[in-house]
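I sat down with this chain today and kept notes as I went. Here is the model I had open.

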Amino acid sequence: MPIEETPEESIGAYRLLSKLGQGGMGVVYRGVDGAGHEVAVKLLRPEIAEDAAFRRRLLREVETMRRIRSRYVAQIIDADLNAERPYIVTQYVAGHALDDTVRATGPLTGRLLVQVAAGLAEALIAIHAAGVVHRDLKPNNVMLVNGEPVVIDFGIAHAADSTRLTQTGMIIGTPGYLAPEIIDGGGPGPAVDVYAWAATVAFAATGRSPFGTGSLEAILGRVVRGRADLSDVPPEIGGGLQAALARDPAERPTAAQLAGWLRNLQSGEPTPVVPATMPHGPRTPTQPPLARTAVGMPPPPTPVPMSPVAPSPVSPMTPYPVGSARIDLGWYKLIAYLLIFATVGVTAELPVLGGSVALLAAWYLRSGDAAVRSRRVPVRNAQDLLLGPLRWPGSMARSAIQTALSLLYAGVAGGLVVVALLVLAESGTRSVSNETAASLGLGVAAYVVLAGLGMMGPRRQLVRLLSATAPDRRTVSIVGLTAVAATVVVLLIAWVDVPHWAPLGDPYGSLDALRGRIHDGIDKINSSGS
């Protein structure tokens, strides 16, 4: 649970356990009800809790979400809008966000990609049937559970049959997943979710937004001009995504048409791309197409033949292979910590060699984490994760500074441990040798460099690498057992043996001098006390 924010003990009938995330409207916590069932509790932010407009917006969210019934949409369970802190309670989705999964293990491929695309289309069918437009469909609002998507976070959902509460001209949504008609100031309709569906599926297939990165103006400019980059999207779904990203909302397929097309793909039946001109909402086929508003807009996509999804197995880089249970990220985190403790043991036994390895590993892993989190480096597989720092050298320079600061922090932490142990020894509280004090101090310093408080970049990148190289239970079991064995052996050796300082000389002469000063100080304290 994040240290920076400890939740209230309870809200209404729900006990809060940990913070899941936050947005412009509120903070979401994982909680449990009276029966011990896990739920997600969304609290309105304190600074806007007294705003009547936001309370009405929350009421609209509850009313619209209650109409939605789908296994692909997180269900609403309870709400209290008259509480001091208004809240809503929804189904807790025990999965991993699509963006985290793709960045950790690479893009989805084969049948799994089509399965996720189809599930999202089914979710939109249920959402639109309730008269709702989600308006913020994007990779981090999609959870993956056993290879199936669940849409979450209706923080800015808009009911098509409700009065708009947003100000005229105010843009709500995420750049790169925001339909061009919203940028042009138009009202949201089901077609905006179809557009976001295509951008989200493109991210799942490539590891990057189809409209690239950069400033807000640059991204929105590409959206308005219809410049989506689908070059790396598998051809079996590329035509459908192109149709759904049509500049004119009237030319996009509906969610139902997308779902039907994807079902055909899943069954292996050849099928054409859905037609380019599709009515949405109350508009009828006899109405003229909507007027184009952007100068130099490309023509609508031309229908092209589709090939069925290949019957070959899912790529080994797929995080959740179809038909098998997903691997919880907690196992990768556990293995990562085992490897970190093994490095700690090596550093305690071989300070110069082990310390150098720990420092270099921390620097390179932190560089990789910075490259991934910057979204400047596409992540498709383990090789991309390993080479990320080389593809964005700026991450290496930035991480060098952060690693140098962590080394100072580690030196202070390790030094304090050594001094504390020597004080215990000289006060007669416990017998501690210079070698033991040095080993424990070195171990603490190595741990701080790799996974100290506020320095989790190396551990995050290590988890990504593990999940990319060990995507199935058998591989995870082998890697995990190997990590356990290595950690136990290394820590035992470090515990029973003295540190070897080659090629440098040992510092025990300096520790003897420090012990002497500590001893003299304790004697003075005892003398003054008597």
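My entries follow, one topic at a time.

**Confidence**

I began by noting that this is a predicted model. I looked up the pLDDT and found a chain mean of 76, with 79% of the residues at 70 or more. I then marked residues 158-171, where the pLDDT is below 50. That stretch still has 29 contacts in the model beyond near neighbours in sequence. I marked residues 275-326 as well, again with pLDDT below 50, and noted 109 contacts beyond near neighbours in sequence. My reminder to myself is that predicted coordinates should not be read in detail where pLDDT is low.

**The sheet**

In what order do the six strands of the open sheet run? I read the order as 1-2-3-4-6-5, with antiparallel pairing. The edges are strand 1 (10-11) and strand 5 (76-80), each of which pairs on one side only.

I then went through some of the pairings. Strand 3 (residues 26-32) pairs with strand 4 in the antiparallel sense, over seven bridges. Here I found Arg 30 opposite Ala 40 of strand 4. The hairpin of these two strands has five residues between them, and in it Gly 36 takes a positive phi near 85°.

On to strand 6: strand 4 meets it over five bridges, in the antiparallel sense. Strand 5 and strand 6 (residues 87-91) are likewise antiparallel, over four bridges. I liked finding Ile 88 of strand 6 in both pairings: it is the bridge partner of Lys 42, and also the bridge partner of Ala 79.

How many of the seven residues of strand 4 are buried? I got six, so I wrote down strand 4 (residues 38-44) as mostly covered.

**Nonpolar cores**

I looked up the largest nonpolar core and found 59 residues in it. The residues with the most contacts inside this core are Leu 108, Trp 197, Val 201, Ile 237, Leu 241 and Leu 262. I followed Leu 241 further, leaving aside its neighbours within four places in sequence. Leu 241 is in contact with Trp 197, Ala 198, Val 201, Ala 202, Leu 230 and Val 233. Apart from this core lies another, of 27 residues, with Tyr 332, Leu 385, Ala 410 and Leu 450 among them.

**Salt bridges**

I counted nine salt bridges. These are the ones I looked at.

- Glu 122 and Arg 263 meet through their side chains at 2.6 Å, N to O. The pair links distant parts of the chain, from helix 3 (residues 110-129) to helix 8 (residues 255-267), 141 residues apart. Glu 122 has a relative accessible area of 25%, so I logged it as partly exposed. Arg 263 is partly exposed too, at 44%.
- Lys 138 and Asp 136 form a salt bridge at 3.4 Å, N to O. Are they buried or exposed? Lys 138 has 14% relative accessibility and counts as buried, and Asp 136, at 11%, also counts as buried; the cut-off for buried is under 20%.
- Glu 181 and Arg 252 meet at 2.7 Å, N to O. Glu 181 sits in helix 4 (residues 180-183) and Arg 252 in the loop between helix 7 (235-244) and helix 8, so this pair ties together parts 71 residues apart in sequence. I noted both Glu 181 and Arg 252 as buried.
- Arg 208, Asp 229 and Asp 232 are linked in a network of salt bridges.

**Aromatic pairs**

I found four aromatic pairs and wrote up two of them. The ring centres of Tyr 14 and Tyr 87 are 6.4 Å apart and their planes stand at 70°, so I entered the pair as edge-to-face. Tyr 14 is in strand 2 (residues 14-22) and Tyr 87 in strand 6, so the pair ties together parts 73 residues apart in sequence. Tyr 14 and Tyr 87 are both buried.

Tyr 195 and Phe 211 are stacked, at 6.0 Å centre to centre with 15° between the planes. Tyr 195 belongs to helix 5 (residues 190-206), while Phe 211 is in the loop between helix 5 and helix 6 (216-225), 16 residues apart. I entered both Tyr 195 and Phe 211 as buried.

Note on methods
Residues numbered from 1 in each chain as written. Predicted model: local features only at pLDDT ≥ 70, side-chain atom pairs only at ≥ 80, totals over all residues. Heavy atoms only, no water. Pairing = 2+ DSSP bridges. pLDDT = per-residue confidence, 0-100. Contact = heavy atoms within 4.5 Å. Core = buried A, V, L, I, M, F, W, Y, C linked by side-chain atoms within 4.5 Å. Buried < 20%, exposed > 50% of the residue type's maximum accessible area, 1.4 Å probe, protein only. Salt bridge = Lys/Arg side-chain N within 4 Å of Asp/Glu carboxyl O. Phe/Tyr/Trp six-rings, centres within 6.5 Å; stacked < 30°, edge-to-face > 60°.
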